[in-house]
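Got your viewer open? Load the model and follow along, one selection at a time.

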Amino acid sequence: MIDEKITFKKINIAVITLSDTRKESNDKSGDALKDLILQKGHDVSHYQIIEDEPEIFTPIIQALTNSVENDVIITTGGTGLTGRDNTIDALKKISQIEIPGFGELFRQLSYKKIGTSTIQSRASAFLLNQTYIFCLPGSTSAVRDAWNYILFHQLDIRHKPCNFIELIPRLDE
């Protein structure tokens with residue numbers, strides 16, 4: 001539920017596509033995510049396609065969490081089960097807090113669409129340096145579902161009874 005008495009708060013969201021095959025010309029999930037963020041009224045503070053190699057993407061994500069320019073980072077790709085899906089394991093090693101409810105809710109929503117195949121997704125969320133990191137699968141459909149049914153609401157200060165944005169000032173307590 002949106003409390004219209006509260007003023008919308010624009011936040012800065014970095015978008016990272018983790019892939020060995022995507023380029024700007026074919027990054028459909030990254031493009032969809034950027035469009036959804038802008039349609040909501042937030043800013044895309046950073047966009048980058050990075051090879052799914054932990055030694056390459058981990059320092060970049062750490063640097064983004066250290067920048068006051070980014071409130072949230074959303075990654076696409078690297079959340080599956082293959083040997084090339086490194087996102088979740090690498091971010092678990094550097095994060096301060098894992099937010100398991102995000103992945104649980106994502107898979108619950110995804111089950112309605114793709115049935116038991118959702119069990120292959122390791123979509124997750126973490127907190128690092130008071131910055132939220134949401135890790136989404138690389139499919140455009142999965143990105144849209146995560147945004148439309150979870151992040152659209154939780155990244156809006158007006159969403160009640162609670163939301164991620166209202167917690168930002170208290171994350172370093």
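Start by selecting Gln 130, which you'll find in the loop between E5 and E6. Keep in mind that you're looking at a predicted model. Check the backbone here: phi of Gln 130 is near 60°, a positive value in a residue other than glycine. That's worth a pause, since most residues other than glycine have a negative phi. With the surface switched on, Gln 130 turns out to be partly exposed, at a relative accessible area of 36%.

Now add Asn 129 to the selection. Asn 129 sits in that loop too, between strand E5 (124-128) and strand E6 (131-136). What is the phi of Asn 129? It's positive, about 55°, although Asn 129 is not a glycine. Asn 129 is partly exposed as well, with a relative accessible area of 24%.

Next, the aromatic rings. How many aromatic pairs does a search of the whole structure find? Four. For one of them, select Tyr 132 and Phe 134: their rings are stacked, 6.0 Å centre to centre, with 20° between the planes. Are Tyr 132 and Phe 134 buried or exposed? Both are buried. Then widen the selection to Phe 102 and Phe 164, and you'll have a cluster of Phe 102, Tyr 132, Phe 134 and Phe 164 linked by ring pairs.

Phe 102 is a handy bridge to the helices. Show helix H4 (residues 100-114) together with H5. Their axes come within 10 Å and cross at roughly 120°, and the crossing is right-handed. To see the contact, turn on side chains: from H4 pick Phe 102, Leu 105, Phe 106, Leu 109 and Lys 113, and from H5 pick Ser 141, Ala 142, Asp 145, Ala 146, Tyr 149, Ile 150 and Leu 151. Colour them by type and this H4-H5 contact splits into nine nonpolar residues, one polar and two charged.

Two lysines over rings come next. Pick Lys 40 and Phe 152: Lys 40 lies over the face of the Phe 152 ring, 3.5 Å from its centre. Then jump to Lys 34, which lies over the face of Tyr 47, at 3.5 Å from the ring centre.

For the last stop, go to the segment after helix H5 (140-154) and select Pro 161. Which kind of peptide bond joins Lys 160 and Pro 161? It's cis, with omega at about 20°. For context, most peptide bonds are trans.

How values were computed: Residues numbered from 1 in each chain as written. Predicted model: local features only at pLDDT ≥ 70, side-chain atom pairs only at ≥ 80, totals over all residues. Heavy atoms only, no water. Helix = DSSP H or I, 4+ residues; strand = E, 2+ residues; numbered from the N terminus. Buried < 20%, exposed > 50% of the residue type's maximum accessible area, 1.4 Å probe, protein only. Phe/Tyr/Trp six-rings, centres within 6.5 Å; stacked < 30°, edge-to-face > 60°. Lys NZ or Arg CZ within 6 Å of the ring centre and 35° of its normal. Axes fitted to C-alpha atoms, helices over the stretch in contact; angles between N-to-C directions. Left-handed = near helix turned anticlockwise from the far one by under 90°. Contact = heavy atoms within 4.5 Å. Nonpolar A, V, L, I, M, F, W, Y, C, P; charged D, E, K, R; others polar.
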